[in-house]
Structures are given as structure tokens and as C-alpha cells.
Amino acid sequence: QKSHGDGRRKEYKVTHTTQSQREKRSNNSVQIRKEKKEENLLKRRNIDPEAQVPVNNQFRLSWEVEALYSGDYSQQEAAIIAFRQLLSVQLSPPIDHILRANLLPRFLEFLLSCDKPTLQFESAWVLTNLASGTSEQTIQLIQAGLVPSLLKLLHAHQSLSRQLTEQLLWLLANLAGDSVPARDFLLTQGLLTALIAIIEHSRRTDSLALNSTLIKQATWALSNLCRGNPPPALILVIEALPSLAWLLRSSDADVIKDATWGISYLAQSGESRLVALIEVGLIPVIVDVTKFQEEYLIESQLPAVKTLACIASSPSCHMNVLLMAATALIRVLREARGNRKEKKSVRKEAAEGLSCLFTNPTFVLAENGRVVDEILSRHGFAEGISQCLLGSDFETKKEALVAAQLATAAMRTAEPINQMVKGGLIEALCEIIKMKDVGMVAGSLETLGQLLEMEDQAARREGSAHRPCVEMIESCGGLDTLEELQTKPNRKIYESASRLIEQFFGAEEEDIVIVDNMRTKQAPPFDTFVPSIHPEFKF
């Protein structure tokens, strides 16, 4: 397969914006698409395990060309099978040799030979594998007139064998996944309409269609027609949305994964496409995909979470949709445990999506901030973020910390603090301040400071001595760590730790350890790296 694969308020101390979050998400998405392309290289060709090709590129065409152009059907059949076998090897198929032999007109002629089914099918297989090559090679097929022939056959799919239709869909998927120009050409020529007609026909006539190999190939082709940067024009792909929604009802892992990626590609392509997804009712279905716990369906969670993260960053989404995305992302953080690569990617994406949510003005300003407090108090946010901070790789820890910092900055009351304590967030932050990375330590101190400040203000208003955040920092050893941080030569870390101790833990000024010589004369033992994906932290 060629690839399958805004600010908050002025008083925000963290200056992440919806735009900056979206730019970061776009860069991350490019990397994920590159990784998916590498993972699926062999899927692009129809491999024949018995096929062989001469080693060391000692490749010569001899009898095959003569037989291909002969008038003898048996010779033509033997020749086209030989070409298919040559192109079906796993490594280094001789695509260039065959293209230079100027055989495409003959292959296209056989492709339309409906009275010769073997020649027709073998030609479709040959063209599929030729289309699995480089963009330069694939464009030669398009220039030779393949697309009109392919469109003609797809329109006549009801008169074709199922085997041939599946091969043609594979061919379409390879062409669509090649490049943006190839994708757009296919869309403008009506290939998407023909593809949807095949899907809808299967839907009406086959009760088991959702799990068929034909639908699997069709979903892959549909996903490739939706992907790419720049994205396809909405008017060219909007007719695919109802089909994508239906495909998500399948129990086939590949169908669900490819359909979810197709939706994800569109969700990441701009506000108009996102609104279109919402209007056809796709978001509740995507939320259901994030609930899959079966191992064979785990790979579908990443594109589903990416779609919800796009929802979370959209200021034009209705509050009900934002709440749906918020609760799903928090649940994913709590449930996506384990060390599988897919699980790690899902955790990181969910944390990043929550960061987008807490920079979305539609969400953070709703009901004067009460919606934020409700989400943080009742849906397990602290538990999910704590798990990421304590049990994830460094990149995911960074995303989780940003989400925690933005969430605490968005709080309007101290109501969520009890849940922050119960959910383990305070303990997790106290562990993070033991790290050597300056950005992580400073971000954790900032978040602790926000929570302590809000708790202190609430306690003073209510005349209460109960301060659960303070108590947890003391009981889990966080206060000892804060005192140790005063000995560090990094000035910002030293000042932040000292301020927290003095303001919230009753330290007298003379009790605070001052190590000016160390701070000015020694190199800091911390890494000086500040997380590059969060350059806007104001520590």
C-alpha cells in the first residue's frame, strides 16, 4: 500500500494556542504517515511466493514479448502469466525493464478483453504491481490511459467476476496512494463515485459484505483517496462520508482500521471537513472505536484518537461534541496501558488532544469555566494523566505534563483539587520534579504552584484549614524534593521551589537555603534541553 497508513484567557500563564497545537499535530501526523508507509510497503503488490526473477538484475525479455503480441491465445496467456510472475517477487521487481519495453498498450488492451477472462485478470494483476513502484513509474501508467479503462470496468462491476473486481480495487488503491496529483486526478475523473457505487451495491445485496475481501480492498482504496497533503477538496470527497460510517460497523480489523484512517485524514484537513464529519454523525462511531480492547483492533485506536484530538482543537464545534471528545480522550488515557507501540502512540495522542482541548476557547470559556471544572472533577482526568506521567516514555510524559498544566490554568474554582489529589496527580508531579530535565521540572513546579494557589485562595475564603494538596505534597515526600531543588544552581528552578516553600509551607525567609555561588559558578546538573514541541512554556 502506498500509504495507509486560540488562546485561552489573557491570564493564562502557559501561552499554548490552538494554532500552535494544530501545527504540532500536523507535523506529528506527517511522521506517523511516513511510518505507516514503511510498515505497509509489501501490501502494495500482489505477491506470488513462487515467483522468481534472475539474480543480480541479469534480466532479459525474450519470448515473452513476442508471445504477448502473437495471435495465439495460449501464447498470450503464457506470456501475461510470465510477466505477472516477474512482477510478483517480493524484492526488486523489474518494473523499469517492463515499462521500457513499451508493453503498456498491450496490457491495457487485455484489461478490456472481457471475452478473455484469464488475460483480463492477469493484466489487472500486472498493472497493479506496476503501479506499486515509484511515482515516476506510476505516472507512466496514468499517461498511457489506464484511468479511463479502470473507470469503465468499475462502472461495469456487476458484470465482472468478484476476483477481477477485487484486483481492480487493489489497482485503484495503489494509484490513489501514489501522490497528491495522482489522487486528485482520480477524484476529478469520477473514480470515487464508481468506488462508492461498488460499496453500496455490496451493502444492498450481501449481508456479509462488511467482512468480505472485496470490501477490504474497497476500504483501503477509499482511505487512500482521502489522504494526502494538501488534502483533497471537500466537494470531491464529501460523498464518501456515509460509506465510511457504514464501514466502521465491520468486524474486520483491516476494514475498521482503513476506514478510521480515512476519517482521520479528513479530520486533520481543515475545519470544513471536520464539520462535515460531525454533520453525518461520524463522531459517536469514532468514540466507539476508541473503546475497542481486543488486541486485533488496537491499531484502529490511533486514527480514532487523532480524529477526536482534531475535534478537541476546533473552536467551531458544538459543546456536546467537545464533551464527547473530552470524555473519550480521558478514558483512553486511563485504559491505554501496556508497552505495545500502538498503545504508546495512543497515549501520547490522547494527551496531546487534551492539551488542544484546554486551549480551545469554546471549551474553556463555556459557562464561565464551569464545564472545565466538571470535566476535571468527574471523568478521571487526574488518574489518566498520572498514569502517563509515571509510566510512559519521555515524549508522552511531556505531552501529559502540558495537558496537566493547561488544565490547571483553565480551572475556575478549587472544586477539582480533591479529585486531582485522589487521582494521583499531585504524587505524579512530585515524582516529575525529581527528573533532570529542566523543562519537565519547571513545568511540574508551575502546575503545583497553580494548584496550591487556587487551593489557598479557596481555603482563605472559606476559613478552612483543610489543604489536601499541601498535605499530599508533604506526605509523599514532595516537600523534601522541593527543599533539595533549592540547592540546584539553575536559577529558575531554585526560585520556583523557594517560592512554593515560602508561600505554602510556612518557611521563614532565613530557613530557605541559598546557594548563590553554586547557581552562578557551577554548570547545572540538569539537562538543558527544554521540550522542543513546547517552546512556548513561560517558566
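**Confidence, core and ring contacts in a predicted model**

The protein chain averages a pLDDT of 84, and 82% of its residues score at least 70; pLDDT is the predictor's confidence in each residue, from 0 to 100. This is a predicted model, in which local features need pLDDT of at least 70, side-chain atom pairs count only at pLDDT 80 or more, and totals for chains, interfaces and linings use all residues. Residues are numbered from 1 along each chain as its sequence is written, and side-chain values use heavy atoms, with hydrogens and water left out.

Me: Over which residues, with 69 contacts beyond four places in sequence, does pLDDT stay under 50?
Reply: Contact means heavy atoms within 4.5 Å. Where pLDDT is low, the predicted coordinates should not be read in detail. The stretch with 69 such contacts and pLDDT under 50 is residues 508-539.

Me: Which helix gives the most residues to the largest nonpolar core?
Reply: A nonpolar core is a set of buried Ala, Val, Leu, Ile, Met, Phe, Trp, Tyr and Cys residues joined through side-chain atoms within 4.5 Å; buried means under 20% relative accessible area, exposed over 50%, partly exposed in between (1.4 Å probe, protein chains only). The largest core has 168 residues, and Phe 358 and Phe 363 are among those with the most contacts inside it. With 10 residues, the biggest contribution comes from helix α19 (residues 319-335).

Me: Why is the pair of Phe 121 and Trp 125 stacked, tilted or edge-to-face?
Reply: Rings of Phe, Tyr and Trp (its six-membered ring) pair if their centres lie within 6.5 Å; planes under 30 degrees apart count as stacked, over 60 as edge-to-face and the rest as tilted. The structure holds six aromatic pairs. In this one the ring centres are 5.9 Å apart and the planes stand at 65°, so Phe 121 and Trp 125 are edge-to-face.

Me: Which helix holds both Phe 121 and Trp 125?
Reply: Both residues are buried. They are four residues apart, about one turn of the helix. Helices (H or I, at least four residues) and strands (E, at least two) are DSSP runs, numbered from the N terminus, and the one that holds Phe 121 and Trp 125 is α6 (residues 117-130).

Me: Which side chain makes a polar contact with the side chain of Ser 498?
Reply: Ser 498 is found in helix α30 (residues 491-504). Its relative accessibility is 7%, so Ser 498 counts as buried. A polar contact is a pair of N or O atoms within 3.5 Å; within protein, one must be able to donate a hydrogen and the other to accept it, and residues adjacent in sequence count only if both atoms are side-chain atoms. At 3.2 Å, the partner of Ser 498 is Gln 486.
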